[in-house]
Amino acid sequence: MAVNDERYVFIVEWFDTSASLIRSYNLIYFMSDKTIEMFDLKNKRIFLKRCDYPSVQLKDLYVGSIVTVYSRQLKIVDYADVFTRSKFEVQRGKTFGMIKPDAYTHIGKIITAIEKNGFVIGNLKMTRMQIADAQQFYGEHRGKPFFEELTQFICSDFIVGLELIADNSVKKWRDLIGPTKCQVARVEAPNSMRALYGTEGVRNACHGSDAAGSASRELDFFFSDKSNLKSTAVFNNCTCAIIKPHIVLEGKAGQIIDIILSEGFEISAMQMFYLDRATSEEFFEVYKGVLPEFQAMSEHLTSGPCIAMEIRQENAVKSFRDLCGPHDPEIARTLRSSTIRAKFGIDRVKNAIHCTDLLEDGILEVEYFFNILQQK
Ligand SMILES: Nc1ncnc2c1ncn2[C@@H]1O[C@H](COP(=O)(O)OP(=O)(O)OP(=O)(O)O)[C@@H](O)[C@H]1O
């Protein structure tokens with residue numbers, strides 16, 4: 001999402017003195033035109049239609065701040081979505097994490113560990129470095145005996161870059177990955193990622209920035225608009241999967257990724273997206289007039305980050321649809337209890353995962369995320 005399309009959503013409270021009641025609203029700030037909107041959380045309706053309100057400025061928006069709108073003093077008590085939290089929560093730092101090529105089969109387990117340890121995943125991208133990228137990324141190690149082996153290794157296959165948000169994130173992630181040497185990790189931190197999933201030498205499963213400065217540089221290297229690192233999608237023998245926002249917010253994305261890999265599917269591209277309404281409706285357009293929940297499905301896809309994937313296998317569309325199960329999780333639980341939707345779905349809208357339905361749409365849907373949206 002371009003910066004100008006971003007909207008930030010906060011939970012605000014106003015003490016209504018006439019009723020002696022605390023009333024709660026969402027305060028939404030639209031970056032494109034600096035307008036605001038308010039939504040009444042109790043009555044579930046718009047309280048203030050989107051309008052100019054120049055005295056509410058971006059710099060005033062943080063938890064603990066008080067902003068005044070039409071004589072009401074509104075206290076910002078929380079961020080209302082993961083996206084806003086990741087952008088504003090300054091006391092919670094960001095770090096950069098990377099899953100190295102040797103840990104490909106453990107991507108789901110590593111993401112689960114990240115989710116269980118209280119990180120918010122603000123961004124995620126599978127990519128593959130070229131040698132020049134690796135030499136730049138590991139520039140501080142140039143001249144060391146392991147430099148060549150390290151740079152060759154890091155280019156040898158897919159890697160996954162992660163923006164990780166948490167209190168004290170740099171240390172917290174380095175603690176979770178464990179000591180550099182896997183043999184040492186197995187003794188000193190047996191539950192760490194390197195102890196569990198690393199082998200030895202350069203093959204130590206994960207990378208973590210060593211300070212806030214390097215985190216910021218490495219996050220930029222991976223995720224800025226100018227990054228050289230492209231998606232790894234190949235657009236053949238493929239189907240499209242989207243892990244829906246409710247799963248990402250519930251911290252269960254790693255479990256679903258693990259099931260996909262354990263069932264023998266290849267994840268050949270993967271990226272986190274924050275979709276706006278127009279994009280989400282365009283993607284789901286084939287369901288307009290077909291599924292009664294078209295609007296709700298489109299809306300849900302914009303409610304938080306989703307993770308899109310290119311999944312490959314022979315007969316990828318059909319075999320992956322079989323793994324996902326019936327569209328309605330209730331039916332899935334009755335008829336196909338081992339499927340992803342049976343295990344993780346809530347209802348027809350929050351049904352855990354989207355998968356391509358029609359054979360001929362597999363490549364088209366993957367192209368939508370990994371080609372068309374990359375150019376927007
Ligand atoms: N002596 C070594 N022999 C082989 N590989 C090494 C050696 N020292 C470091 N490496 C590799 O180089 C990477 C970067 O080394 P560094 O000293 O920065 O370790 P780190 O900070 O624990 O790891 P990273 O930067 O990957 O998070 C290590 O993760 C490891 O893959």
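How do strand β2 and strand β3 pair, and over how many bridges? The model is predicted. In it, β2 (residues 21–30) and β3 (residues 35–40) run in the antiparallel sense and share 6 bridges. One residue pair shows the register: N26 has F39 in β3 as its bridge partner.

**The sheet**

These strands belong to an open sheet of 6 strands. The order is β4-β3-β2-β1-β6-β5, with antiparallel pairing. At the edges lie β4 (45–52) and β5 (66–69), each pairing on one side only. From one strand to the next, the twist averages 30°.

**The ligand shell**

Around the ligand sit H141, F146, L150, T180, G201, V202, N204, H207, G208 and D210. By class, this shell has 3 nonpolar, 6 polar and 1 charged residues.

**Annotated positions**

An unreviewed UniProt entry lists K100, F146, R174, T180, R194 and N204 under "binding site". Two of these positions, T180 and R194, are set out below.

| Residue | Place | C-beta neighbours within 10 Å | Class |
|---|---|---|---|
| T180 | loop between α5 (169–177) and α6 (182–188) | 14 | partly exposed |
| R194 | helix α7 (residues 193–197) | 27 | buried |

T180 is among the residues that surround the ligand. Why is R194 classed as buried? R194 counts as buried because 27 other C-beta atoms lie within 10 Å, and the cut-off is 20 or more. Leaving aside neighbours within four places in sequence, R194 is in contact with I177, G178, P179, C182, A185, N204, A205 and C206. One of these contacts, N204, is also part of the ligand shell and is listed in the UniProt entry.

Conventions. Residues are numbered from 1 along each chain as its sequence is written. This is a predicted model: local features need pLDDT of at least 70, side-chain atom pairs count only at pLDDT 80 or more; totals for chains, interfaces and linings use all residues. A residue is near a molecule or strand if its C-beta atom, placed from the backbone, lies within 6 Å of it. Ala, Val, Leu, Ile, Met, Phe, Trp, Tyr, Cys and Pro count as nonpolar, Asp, Glu, Lys and Arg as charged, and the others, Gly among them, as polar. Two strands pair if DSSP finds at least two bridges between them. Helices (H or I, at least four residues) and strands (E, at least two) are DSSP runs, numbered from the N terminus. Axes are lines fitted to C-alpha atoms, for helices over the stretch in contact, and angles run from 0 to 180 degrees between N-to-C directions. UniProt positions are given in the numbering used here, feature names are shortened, and annotations may be inferred rather than shown by experiment. A residue is buried if 20 or more other C-beta atoms lie within 10 Å of its own, exposed if 12 or fewer, and partly exposed in between; C-beta atoms are placed from the backbone. Two residues are in contact if their C-beta atoms, placed from the backbone, lie within 7 Å.
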